[in-house]
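Colleague: Please take a close look at a single part of this model and describe it residue by residue. Then work outwards to whatever surrounds it.

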Amino acid sequence: MHDVKTAFDAAGFRLGLVAARFNGGIVERLIAGAREALLRHGVLDEHIELVRVPGAWEIPAALDALADTGRFDALVALGAVIRGETPHFDYICSECAAGCARVTARTGLAVGFGLLTCDDAEQAAARAGGKAGNKGQEAADAALEMACLLRSLKT
């Protein structure tokens, strides 16, 4: 049985974080949560590479580029999209999610999904270290867990 959820050690792992600059105050808190999770699981700070992109739309392209380097054990997508008055929100959220999934499907590399898709700034703040936790931390935890699982399935 391959169950790494209860305990996993990510010492020696290399992680790429792709973070959108749009809604920067929220995203900075997601980055902090992701870093905290990675360090807690034994990832060295020098093994965490942060790449910034303009917004959520650009996240999948950067994930693809990082995956193609072969330097990373897992990747984490971090961003925040807040609903506006037009359907733009729906297109950006859907395509970012689909793009992240394509990176995993194409490369077999774990990608933690830390894109907030919220109706308003209050919801985003609650999910970036507020009363609803830190989704950046959760995305990093999921990426590490999946990287450990995928590694164990190859051996």
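Modeller: I will start from A80, which sits in strand β3. The model is a predicted one, and the values below are computed from it. A80 has a relative accessibility of 5%, so it counts as buried, the cut-off being under 20%. Leaving aside neighbours within four places in sequence, the residues in contact with A80 are F22, N23, I26, V27, L115 and L116. L115 and L116 fall within the range of strand β4, residues 110–118, and I26 and V27 within that of helix α1, 24–40. One separation is also available: A80 and I48 lie 32 residues apart along the sequence, and their C-alpha atoms are 21 Å apart in space.

The burial of A80 fits its strand. β3 covers residues 74–82, and eight of its nine residues are buried, so the strand is largely enclosed by the rest of the structure. Two strands pair with β3. With strand β1 (residues 15–20) the pairing is parallel and runs over five bridges; here G16 has L75 of β3 as its bridge partner. With strand β4 the pairing is again parallel, over nine bridges, and V81 is bridged to T117 of β4. Between β3 and β4 the chain passes through helix α3 (residues 88–107), and this β-α-β crossover is right-handed.

The segment after β3 carries a salt bridge. The side chains of R83 and D90 meet with an N to O distance of 3.5 Å. Neither partner is buried: R83 is partly exposed at 38% relative accessibility, and D90 is partly exposed at 36%. R106, whose number lies in the α3 range of 88–107, belongs to a network of salt bridges with D64 and D68. The count for the model comes to 10 salt bridges.

Another of the salt bridges joins R35 and D45, with the closest N and O atoms 3.0 Å apart. R35 is in helix α1 and D45 in the loop between α1 and β2, so the pair ties together parts that are 10 residues apart in sequence. R35 is partly exposed, with a relative accessible area of 24%, and D45 is partly exposed at 44%.

That loop, between α1 (24–40) and β2 (48–53), also holds H41. Unlike D45, which is partly exposed, H41 is buried, with a relative accessible area of 15%. The H41 side chain makes a polar contact of 3.1 Å with the side chain of R40. Beyond four places in sequence, H41 is in contact with F8, D9, A10, A11, D141 and L144.

D141 and L144 lead to helix α5, since their numbers lie within its residues 135–154. In that helix, K135 and E138 form a salt bridge through their side chains at 3.3 Å, N to O. The two are three residues apart, about one turn of the helix. K135 is partly exposed, with a relative accessible area of 27%, and E138 is partly exposed at 40%.

To return to the starting point, A80 is buried in a strand that is largely enclosed by the rest of the structure, with β1 and β4 as parallel partners.

Key:
Residues numbered from 1 in each chain as written. Predicted model: local features only at pLDDT ≥ 70, side-chain atom pairs only at ≥ 80, totals over all residues. Heavy atoms only, no water. Buried < 20%, exposed > 50% of the residue type's maximum accessible area, 1.4 Å probe, protein only. Helix = DSSP H or I, 4+ residues; strand = E, 2+ residues; numbered from the N terminus. Pairing = 2+ DSSP bridges. Right-handed = clockwise from strand over helix to strand, strands pointing away. Polar contact = N/O pair within 3.5 Å; in protein donor to acceptor, adjacent residues only side chain to side chain. Contact = heavy atoms within 4.5 Å. Salt bridge = Lys/Arg side-chain N within 4 Å of Asp/Glu carboxyl O.
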